[in-house]
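Biologist: I have a new model open and would like to learn how to read it, one feature at a time. Could you walk me through it?

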Amino acid sequence: MRPPPEGFVLQLLDAGGAWWRRDLATALREAGLDRPWTLVGARPDLPGTGRGPRGAVETAAGRAWIKQCLRGGFPARFNAERYFSLDRFRRELEVTGKALAAGLPVLPTWGLVFRRARPGWRVWQITPLVEQAPDLARWFSGSLAAEEAAGLLEAAVALAARLHGAGLYHHDLNLGNLLARARREGGWELTVIDLDRALWYEGGVPRSRRRRVFERLERSWRKILGPDGPVPARRRREIFDAYRDVAPDSV
């Protein structure tokens, strides 16, 4: 197995291995996370809209969130669980590290466990669990007042522009990949998740790809909430237009 990315250590396991964040390796192993398939369920009530089994466990480092990584789209019809290369997970860790170093609110990875599937690997990802932070799909499908919903949407769109300014391109920024927690003093604390296909651009994300992210976010709104939802179409357009073509160096 290839060496782990910078900041991670390799643990060899029966029929596989794990990449642990160096400072958390002991705590995660002691919590039994080197056998994550024993700790997940069919789809517990946890943040995000991922497809795979999930679970949560207490560790000395805090509460950990476990998910089995599954493939989506057309390939999933033939092979949902197996990955034939670990390169995409290495790239995710590298991009996540750059985003965290830039001060972006992305979910860090604590560890990845790989188990031989012959052919390929089954993969489990371990991250901190973001408490009391439903994804935006749940927030907007709930009972938010119109002004609260507009404020949350603007916070999400402004964050997308901030990601682009720093250099982070999220391939699939939809309502399920943004977690939100209401601040006591008002406003929102957002966390970006699922960076498995994200890219990093030094100097900022190109304009064409910035527009693609906003289009994906708008499609997600219409698919989940219909043409209006809690924020009328005209108000949504004003919010998106305010950030859609913001230059990276002005965010």
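Modeller: Gladly, and keep in mind that this is a predicted model. Let's begin with Leu144, which counts as buried because its relative accessibility is 15%, and buried means under 20%.

Biologist: Where does Leu144 lie?

Modeller: Leu144 is in the loop between α3 and α4.

Biologist: Which residues is Leu144 in contact with, leaving aside its neighbours within four places in sequence?

Modeller: Those contacts are Trp139, Ala149, Leu152 and Trp188. Val231 is a further useful marker: Leu144 and Val231 are 87 residues apart in sequence, and their C-alpha atoms are 9.9 Å apart in space.

Biologist: Two tryptophans turn up among those contacts of Leu144. How should I read aromatic rings?

Modeller: Look at the distance between centres, then at the angle between planes. The count here comes to 8 aromatic pairs. In one of them, the rings of Trp139 and Trp188 have centres 4.8 Å apart and planes at 80°, so the pair is edge-to-face; planes over 60 degrees apart are placed in that class.

Biologist: Which parts does the pair of Trp139 and Trp188 tie together?

Modeller: Trp139 belongs to helix α3 (residues 136-141) and Trp188 to strand β9 (residues 188-192), so the pair ties together parts that are 49 residues apart in sequence. Trp188 is itself buried, with a relative accessible area of 14%.

Biologist: Which residues do ring pairs link into a cluster?

Modeller: Trp19, Tyr83, Phe89, Phe114 and Trp121 are linked in that way. Phe89 also has a charge over its ring: the charged end of Arg88 sits there, 5.9 Å from the centre. Elsewhere, Arg115 lies over the face of Trp37, at 3.9 Å from the ring centre.

Biologist: Now the sheet. What is the general idea?

Modeller: Strands of a sheet pair through backbone hydrogen bonds, in a parallel or an antiparallel way. In this model, 6 strands form an open sheet with antiparallel pairing, in the order β1-β2-β5-β6-β4-β3. The edges are β1 (8-13) and β3 (54-59); each has a single partner strand, so one side of each is left without a neighbour in the sheet. On average, neighbouring strands of this sheet are turned by 20° against each other, direction ignored.

Biologist: How many bridges join β3 to β4?

Modeller: There are 6 bridges between β3 and β4 (residues 62-68), and the two run antiparallel. They form a hairpin with 2 residues between the strands. To find the register, look at who stands opposite whom: Arg54 faces Lys67 in β4, and Glu58 stands opposite Arg63 in β4.

Biologist: And the other neighbour of β4?

Modeller: That is β6 (residues 121-128), which pairs with β4 in the antiparallel sense over 5 bridges. Gln68 has Trp124 as its bridge partner in β6. As for exposure, β4 is mostly covered, with 5 of its 7 residues buried.

Biologist: Last, how do I find the buried side of a helix?

Modeller: An α-helix has 3.6 residues a turn, so residues three or four places apart point the same way. In helix α6 (residues 233-243), the buried residues are Arg236, Ile239 and Phe240. They cover an arc of only 95° around the axis, which puts them on the same side of α6.

Biologist: What do the buried residues of α6 pack against?

Modeller: They pack against α4 (146-166) and α5 (207-225).

How values were computed
Residues are numbered from 1 along each chain as its sequence is written. This is a predicted model: local features need pLDDT of at least 70, side-chain atom pairs count only at pLDDT 80 or more; totals for chains, interfaces and linings use all residues. Side-chain values use heavy atoms; hydrogens and water are left out. Two strands pair if DSSP finds at least two bridges between them. Helices (H or I, at least four residues) and strands (E, at least two) are DSSP runs, numbered from the N terminus. Axes are lines fitted to C-alpha atoms, for helices over the stretch in contact, and angles run from 0 to 180 degrees between N-to-C directions. Rings of Phe, Tyr and Trp (its six-membered ring) pair if their centres lie within 6.5 Å; planes under 30 degrees apart count as stacked, over 60 as edge-to-face and the rest as tilted. Buried means under 20% relative accessible area, exposed over 50%, partly exposed in between (1.4 Å probe, protein chains only). A charge sits over a ring if NZ of Lys or CZ of Arg is within 6 Å of the ring centre and within 35 degrees of the ring normal. The arc is that of the directions from the helix axis to the C-beta atoms. Contact means heavy atoms within 4.5 Å.
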